[in-house]
Amino acid sequence: MKFLLGLGIGVALGTVFAPASGVETRRWLKQQSREISRLPIRKVREAFENTREKAGEMGARAGRKATESAIEAVENKIVG
């Protein structure tokens with residue numbers, strides 16, 4: 001929340017003190033608002049990708065443990 005407040009203050013001050021023309025400033029503000037509106041979508045995608053990677057790692061780990069347990073059980077049957 002503090003980030004958004006700081007961002008808003010920065011945009012307001014930048015607009016007031018900007019040496020650009022009104023057309024350029026409006027174009028810049030429009031571009032910035034688009035980027036800000038896309039930020040939540042990017043964050044959700046990043047979280048999804050991180051979750052997918054973690055799930056894959058956990059699945060691989062569980063698969064390795066299951067395989068090791070199966071091999072150990074077979075070895076115990078053969079030897080034991």
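**View 1. Leu 29 sits in helix α2.** In this predicted model, Leu 29 has a relative accessibility of 29%, so it counts as partly exposed. For scale, the cut-off for buried is under 20% relative accessible area. Pick out Leu 4 as well: 25 residues separate Leu 29 from Leu 4 in sequence, and their C-alpha atoms are 15 Å apart in space.

**View 2. The whole chain has two helices and zero strands.** Its radius of gyration is 27 Å, well over the 12 Å that the globule rule gives for 80 residues, so the protein is more spread out than a compact globule. If you box up the C-alpha atoms along the principal axes, you get roughly 85 × 20 × 15 Å. What share of the 80 residues counts as buried? Just 1% of them do. The protein exposes about 7200 Å², and 64% of that comes from carbon and sulfur atoms.

**View 3. Helix α1 carries residues of a nonpolar surface patch, including Ile 9.** The helix itself covers residues 2–17. Leu 5, Ile 9, Leu 13, Val 16 and Phe 17 make up the patch, which comes to about 550 Å². Is Ile 9 buried or exposed? Something in between: with a relative accessibility of 44%, Ile 9 counts as partly exposed. That value also clears the bar for joining a patch, because patch residues need over 30% relative accessible area.

**View 4. Lys 30, Arg 34, Arg 38 and Arg 42 form a positive surface patch.** Zoom in on Arg 38, which belongs to helix α2, the run from residue 22 to residue 79. Its relative accessibility is 45%, so Arg 38 counts as partly exposed. As background to this patch, the protein as a whole has 15 positive and 9 negative side chains. The centres of those two sets lie 12 Å apart.

**View 5. Lys 43 and Glu 46 meet in a salt bridge through their side chains.** Side chains of opposite charge can pair when their charged atoms come close. Here the N to O distance is 4.0 Å. Why are the two partners about one turn apart? Lys 43 and Glu 46 are three residues apart in helix α2, so about one helical turn separates them. Both ends of the bridge are partly exposed: Lys 43 has a relative accessible area of 48%, and Glu 46 comes in at 43%.

**View 6. Glu 49 and Arg 52 also join their side chains in a salt bridge.** How many salt bridges does the count come to? The total is two, and this one has an N to O distance of 3.7 Å. Once again the partners are three residues apart in helix α2, which means that Glu 49 and Arg 52 are separated by about one helical turn. Glu 49 is partly exposed at a relative accessible area of 36%. Across the bridge, Arg 52 has a relative accessibility of 48% and counts as partly exposed too.

Definitions and conventions:
Residues are numbered from 1 along each chain as its sequence is written. This is a predicted model: local features need pLDDT of at least 70, side-chain atom pairs count only at pLDDT 80 or more; totals for chains, interfaces and linings use all residues. Side-chain values use heavy atoms; hydrogens and water are left out. Patches are made of residues with over 30% relative accessible area and no salt bridge: like charges are joined within 9 Å, nonpolar side chains (Val, Leu, Ile, Met, Phe, Trp, Tyr) within 5 Å. Accessible areas come from the Shrake-Rupley method with a 1.4 Å probe; for residues, only the protein chains shown count as cover. Lys and Arg count as positive and Asp and Glu as negative; His and the chain ends are not counted. The place of a charge is taken as NZ of Lys, CZ of Arg, CG of Asp or CD of Glu. Helices (H or I, at least four residues) and strands (E, at least two) are DSSP runs, numbered from the N terminus. Buried means under 20% relative accessible area, exposed over 50%, partly exposed in between (1.4 Å probe, protein chains only). The radius of gyration is taken over C-alpha atoms; the globule rule is 2.2 Å times the number of residues to the power 0.38.
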